[in-house]
Amino acid sequence: MALIEVKNLVKKYKISEKEHGILGYVKHLFCPKYKEQTAVNNISFNIEEGELVGYIGENGAGKSTTIKMLTGLLTPTSGEILVNGIIPNEKRIQNNKQIGAVFGQKTQLWWDLPVIESFRLIKKMYEIPDGEYRKNLKKFTEILDLEDLLEKQVKNLSLGQKMRCEIAATFLHNPKVVYLDEPTIGLDILVKENIRKFIKDINKEKNTTVILTTHDLKDIEEVCDRIILIDKGTIIFDGEKERFKNQYGKHIIAEFIVQNKNSNITVETNEEEFEVLEENEKNIKIKFNHDKLTVMDIVKSISNYCEILDMHIQEEGLEEILKEIYRGEVIND
């Protein structure tokens with residue numbers, strides 16, 4: 001049995017409709033009108049214990065709504081959810097004891113207390129055994145570099161410092177499932193890398209299941225093995241990260257260092273099926289469809305305009321692929 005089972009899940013909201021101005025307010029007061037909006041539309045998926053899953057989509061796609069139903073914060077309109085055999089919204093206390101969650105910049109730490117006091121309160125709340133608490137605290141302090149932060153009040157921490165403490169607090173009670181909703185938003189590169197490494201290390205050591213929603217697709221690239229892509233409340237892809245790239249990532253980025261250019265690669269002179277992303281006297285960046293052209297085709301074409309000194313080839317990243325999907329440039333086969 002999968003650790004998380006979601007079947008035909010639907011969440012609908014009623015949104016008030018009223019005319020502008022005082023008259024509209026009065027009309028709505030005595031005769032309210034509502035329209036129904038579907039945030040999550042009949043989705044189903046299973047997640048096994050120990051999986052690292054990236055749950056991604058545009059703003060308003062239904063990501064956070066799904067996570068809130070999985071944590072028990074929201075009750076589904078219809079459908080079924082089981083998290084380790086528990087229906088989250090019916091047994092919230094039981095469910096909360098086996099999960100951890102980070103929701104963007106919403107803190108679970110006590111604002112006026114030193115960080116270590118928040119950790120001690122969490123220990124009591126989750127009834128963490130002394131030995132397990134000390135072991136986890138020592139490990140998390142080392143990995144996340146918390147030594148100088150434990151005695152500071154939460155309100156005096158920087159955003160990056162606070163998020164490192166939030167991550168530690170989330171994993172402190174050894175949850176079976178952790179939901180991370182935008183855990184690295186607004187953080188600098190070094191803090192992001194530290195948090196990504198921590199998540200992967202804990203997953204490897206404790207087999208913790210992690211569901212990560214983020215707009216920073218570097219998080220997905222570095223951490224997750226599986227991607228679930230949701231769009232307008234409906235899942236349009238669910239599978240391994242590499243299969244996602246193979247299915248949607250049809251393009252290659254080729255960067256050339258050049259000299260002795262005789263002309264620019266314009267629409268008129270470009271007879272091949274590629275796009276010039278960047279071009280100057282020393283550098284040319286090309287995007288091309290690897291189903292239609294080979295690297296040698298590109299090299300041959302570029303050689304008509306300049307002398308190639310060096311080149312670098314890379315696959316299209318998740319961010320570029322998603323932009324193409326949202327622009328409608330990629331068709332789901």
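E49 is where I will start: its relative accessibility is 42%, and it counts as partly exposed. Before going further, note that this is a predicted model.

The partner of E49 is K176, and the two form a salt bridge in which the closest N and O atoms are 3.3 Å apart. K176 sits in the loop between α6 (159-171) and β6 (177-181), while E49 sits in the loop between β2 (33-47) and β3 (52-56), so this pair ties together parts that are 127 residues apart in sequence. K176 is also partly exposed, with a relative accessible area of 30%.

That pair belongs to a longer list. How many salt bridges does a search of the whole structure find? The search returns 16.

I will go through two others. In one, the side chains of K123 and D130 meet, with 2.7 Å from N to O. Is K123 buried or exposed? K123 has a relative accessibility of 19% and counts as buried; the cut-off for buried is under 20% relative accessible area. D130, on the other side of that salt bridge, is partly exposed at a relative accessible area of 44%.

The other is the salt bridge between the side chains of K197 and D201, again given as N to O, at 2.7 Å. Both residues lie in helix α7 (residues 189-206), 4 residues apart, which is about one turn of the helix. The general point applies here. An α-helix has 3.6 residues a turn, so residues three or four places apart point the same way. As for exposure, K197 counts as partly exposed at 46% relative accessibility, and D201 is partly exposed as well, with a relative accessible area of 27%. There is also a network: K192, R196, D216 and D219 are joined into one by salt bridges that share partners.

Now the domains. The domain assignment of the protein chain gives domain 1 as 48-246 and domain 2 as 250-315. How far apart do the C-alpha centres of domain 1 and domain 2 lie? The separation of those centres is 42 Å.

Next, strand β12, residues 283-289. β12 is mostly covered, with 5 of its 7 residues buried. Which strands does β12 pair with? One is β10 (residues 251-259), which runs antiparallel to β12 and is joined to it by 7 bridges. Within that pairing, K287 in β12 is the bridge partner of I253. Another is β11 (residues 274-279), also antiparallel to β12, with 5 bridges. There, E278 has K285 of β12 as its bridge partner. β11 and β12 form a hairpin, and 3 residues lie between them.

Towards the end of my list is helix α11, residues 318-326. Which residues of α11 are buried? They are L318, I321, L322, E324 and I325. These residues cover an arc of only 160 degrees around the axis, so they are on the same side of α11.

Last, confidence. The protein chain averages a pLDDT of 87, and 94% of the residues score at least 70. Where in the protein chain is confidence lowest, and where is it highest? The lowest is helix α1 (residues 21-30), at a mean of 72, and the highest is strand β4 (residues 78-83), at 96. The usual caution holds: where pLDDT is low, the predicted coordinates should not be read in detail.

How values were computed: Residues are numbered from 1 along each chain as its sequence is written. This is a predicted model: local features need pLDDT of at least 70, side-chain atom pairs count only at pLDDT 80 or more; totals for chains, interfaces and linings use all residues. Side-chain values use heavy atoms; hydrogens and water are left out. Domain bounds come from an automatic or database domain assignment. Buried means under 20% relative accessible area, exposed over 50%, partly exposed in between (1.4 Å probe, protein chains only). Helices (H or I, at least four residues) and strands (E, at least two) are DSSP runs, numbered from the N terminus. Two strands pair if DSSP finds at least two bridges between them. A salt bridge is a side-chain nitrogen of Lys or Arg within 4 Å of a carboxyl oxygen of Asp or Glu. The arc is that of the directions from the helix axis to the C-beta atoms. pLDDT is the predictor's confidence in each residue, from 0 to 100.
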